[in-house]
Amino acid sequence: MPNQKTRRFLASASACVAVFTLLVGCGAAAPDRPRLEMEPARSVPLTDADRAVTSRAEALLVQSCMKRKGHRYWVAAPLDEDETRSFGYVMDDVAWAQAHGYGSRVKQKVLRAKKNDRNLSYRADLSTHAARTYVTDLAGGPGSEIMTVRLPAGGQIRLATGGCEGEAVRKLYGDQEKWFRADRIATNLTPLYVPDLVADQRFKTAQSRWAACMRAAGHPYRTPADIRSALPEVTSGRSAAKAYRTEVRLAVAEATCARRTGFGDTLRALEEEHSAPVRERYRAEITERDQLERAALRRAEQILNH
């Protein structure tokens, strides 16, 4: 989801900008694609599957640390790899849309897992003093150092560095402050170029072709964002099964038209073009982020294979 601390641009297209940040602005890797001829050589970020490996290893490190401090700690079961895929402004994977719609059931699965998190129930059963100790050991107490990173588009993000969570990050990434700064900057560059992208006539033309395809299919939506906004009302009052069938039907139509008109490919090409100057400006941070991630992935694989 778009970072809530970043500013919104282009008031006349605010919804478009906000949703488009999903394409590349949240740190999730886009599906593999051929490099464009215009694209300069650059470091390659981890895929969603890679990050799932790192996240699981991090959770296991937290578990080990908490056990060492005398607490019980459970690591949640990972999602299926197919379920963790990321999509952006327009859905253009027809097969995924057929299987998952817009991912509502995947989101429900995640929410259920969070609601049934055994760590929460375990902490709830502790005494006030024991629960306070648990939280301090997990995330750090009042005396923990706070790191602050100023974002390229304005605003800042703060993070406490203590507890087992901080220890796990340091074991995986080495320098926690260096990792935090590089990662937050590298994954919050989208607002610097999306306004120019959505104002690009090639974007507008591609979106108009997609909208015409959708109208011909019986779905009169001007933008993919309009579908996402309308979905709650369109499915309101229907049974869960009927609501999901409606979601899947719209997602498949959106993806089919995105493929048929080349909207998805156009978006990716424009993203490469408009983001290139910004990526160059922040090349040091991006390179550092990618190097630290790669090193962390190697450590994570060793942990999981131990």
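How much accessible surface does the protein have, and what share of that surface belongs to carbon and sulfur atoms? In this predicted model, the accessible surface of the protein comes to about 16700 Å², and 51% of that area belongs to carbon and sulfur atoms. The secondary structure consists of 14 helices and two strands, and buried residues make up 44% of the 306 residues in the protein. Among the contacts with a separation of 6 or more, 72% are accounted for by residues 24 or more positions apart.

**Disulfides**

- The count of disulfides in the protein comes to two, and when the bonded cysteines are numbered in sequence order, the pairing reads 1-2, 3-4.
- One disulfide joins C65 to C164, with an S to S distance of 2.1 Å, and this pair links distant parts of the chain, since C65 belongs to helix 2 (residues 48-68) and C164 to helix 7, the two cysteines being 99 residues apart.
- The torsion about the S-S bond of C65 and C164 is about -70 degrees, and the disulfide is therefore left-handed.
- C65 has a relative accessible area of 0% and is buried, while for C164 the relative accessible area is likewise given as 0%, so that C164 is buried.
- A disulfide also joins C213 to C257, with an S to S distance of 2.1 Å; because C213 lies in helix 10 (residues 201-216) and C257 in helix 12 (residues 240-261), the pair ties together parts that are 44 residues apart in sequence.
- The link of C213 and C257 is left-handed, with -80 degrees about the S-S bond, and both C213 and C257 are buried.

**Packing of helix 6 with helix 7**

- Two packed helices are described by the angle between their axes together with the distance between those axes.
- Helix 6 (residues 128-139) and helix 7 (residues 163-173) pack at an angle of about 15 degrees, and their axes are 2 Å apart.
- Because angles under 35 degrees count as roughly parallel, helix 6 is described as roughly parallel to helix 7.
- On the side of helix 6 the contact involves T136, D137, L138 and A139, and these meet G163, C164 and E165 in helix 7.
- The residues of this contact of helix 6 with helix 7 divide into three nonpolar, two polar and two charged.
- C164 thus has a part both in the contact with helix 6 and in the disulfide with C65.

**Surroundings of A131**

- A131 also lies in helix 6, and its relative accessible area of 17% means that A131 is buried, given that the cut-off for this class is under 20%.
- When residues up to four places away in sequence are not counted, A131 touches R123 and L126.

**Surroundings of H100**

- H100 lies in helix 3, which spans residues 94-100, and H100 counts as buried because its relative accessibility is 13%.
- Leaving aside residues up to four places away in sequence, H100 touches D82, E83, V106, Y244 and E247.
- Two of these contacts, Y244 and E247, fall within the residue range 240-261 of helix 12, the helix in which C257 of the disulfide with C213 lies.

How values were computed
Residues numbered from 1 in each chain as written. Predicted model: local features only at pLDDT ≥ 70, side-chain atom pairs only at ≥ 80, totals over all residues. Heavy atoms only, no water. Axes fitted to C-alpha atoms, helices over the stretch in contact; angles between N-to-C directions. Helix = DSSP H or I, 4+ residues; strand = E, 2+ residues; numbered from the N terminus. Parallel < 35°, antiparallel > 145°, perpendicular 65-115°, else oblique. Contact = heavy atoms within 4.5 Å. Nonpolar A, V, L, I, M, F, W, Y, C, P; charged D, E, K, R; others polar. Disulfide = S-S within 2.5 Å. Buried < 20%, exposed > 50% of the residue type's maximum accessible area, 1.4 Å probe, protein only. Areas by Shrake-Rupley, 256 points an atom, 1.4 Å probe, with all protein chains shown as cover.
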